[in-house]
Amino acid sequence: MIRHNLSHWPLVITVASGRSTLDDMLAFTAEWNHWLDECDAFATLRIFTDAAALEHPEGSAQNAKKWLQEKGDAIRAQVMGMATVVPPAEYERVRKMNVEKLFGVPAATFQDLPSALAWLQTAVFEPRDRTLDAAAATAAVEALAG
């Protein structure tokens, strides 16, 4: 299941748990399309609550590649940064993926939420004279994960 919270805009919070279906992934990219087409610059905080949430459903790789080709320019223009939190047991494997190179925006992977929020504040929000409300973001993550 993939859930989003946009109430802390320009931070988009996404929590994924369990194995996603191809329909889930298509709905996820449709949400991104909306944000890229209709909204101002934003940053993302993606939380994967378990190893299953990191698995890609069959057929999603081709769709993701096509989507990235179509939306790459918009992503580079509008996404200020991407922080990803994964379960500690998955960290070593996932951190080797070069999300920054793939998306062309500042990106980092973390084992815990406080580290991800601190990075977003110092690397993404502060350079743009913005403040991230870490306590509110934490509460939003907890609500989505609950």
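Among the elements that cover the buried residues of helix 1 are strand 1 (2-8), strand 2 (11-16), strand 3 (42-48), helix 2 (60-78) and strand 4 (79-85). This is a predicted model, and helix 1 offers a convenient place to begin reading it. The buried residues in question are Phe 28, Trp 32, Trp 35 and Leu 36. They cover an arc of only 95 degrees around the axis, which means that they lie on the same side of helix 1. The face turned away from that buried side carries exposed residues instead, namely Asp 23, Asp 37 and Glu 38. The length of helix 1 can be checked as well: its 17 residues, 22-38, should span 24 Å at 1.5 Å a residue, and this agrees with the distance between its end C-alpha atoms, which are 24 Å apart.

From helix 1 the reader can turn to the strands, beginning with strand 2. Because six of the six residues of strand 2 are buried, this strand is largely enclosed by the rest of the structure. In a regular strand the side chains alternate between the two faces of the sheet. In strand 2 both faces are covered, with Leu 11, Ile 13 and Val 15 buried on one side, and Val 12, Thr 14 and Ala 16 buried on the other.

Strand 2 has pairing partners that run in opposite senses. With strand 1 it pairs in the antiparallel sense over five bridges, and a hairpin of two residues joins strand 1 to strand 2. Within this pairing, Ile 2 has Ala 16 of strand 2 as its bridge partner. With strand 3, by contrast, strand 2 pairs in the parallel sense over six bridges, and here the bridge partner of Val 15 is Ile 47 in strand 3. Helix 1 belongs to this part of the fold too, since strand 2, helix 1 and strand 3 make a right-handed β-α-β unit.

Strand 3 is likewise largely enclosed by the rest of the structure, because seven of its seven residues are buried. Phe 42, Thr 44, Arg 46 and Phe 48 are buried on one side of strand 3, while Ala 43, Leu 45 and Ile 47 are buried on the other, so that both faces are covered. Strand 3 also pairs with strand 4, in the parallel sense and over six bridges, and Arg 46 stands opposite Thr 84 in strand 4. A right-handed β-α-β unit is made here as well, by strand 3, helix 2 and strand 4.

What remains is the nonpolar interior. The largest nonpolar core has 23 residues, and those with the most contacts inside it are Leu 11, Ile 13, Leu 45 and Leu 120. At least two residues of this core come from each of strand 2, strand 3, strand 4, strand 5 (107-110), helix 5 (113-125) and helix 6 (134-145). Helix 5 gives the most to this core, with seven residues. Leu 11 shows how distant parts of the chain meet: leaving aside neighbours within four places in sequence, Leu 11 is in contact with Asn 5, Leu 6, Ala 43, Thr 44, Leu 45, Leu 120, Phe 125, Leu 132 and Ala 137. A second, separate core of 14 residues includes Trp 35, Leu 36, Phe 42 and Trp 67. Of these, Trp 35 and Leu 36 are among the buried residues of helix 1, where this account began.

Conventions. Residues numbered from 1 in each chain as written. Predicted model: local features only at pLDDT ≥ 70, side-chain atom pairs only at ≥ 80, totals over all residues. Heavy atoms only, no water. Helix = DSSP H or I, 4+ residues; strand = E, 2+ residues; numbered from the N terminus. Expected span 1.5 Å × (residues − 1). Buried < 20%, exposed > 50% of the residue type's maximum accessible area, 1.4 Å probe, protein only. Arc of directions from axis to C-beta. Contact = heavy atoms within 4.5 Å. Pairing = 2+ DSSP bridges. Right-handed = clockwise from strand over helix to strand, strands pointing away. Core = buried A, V, L, I, M, F, W, Y, C linked by side-chain atoms within 4.5 Å.
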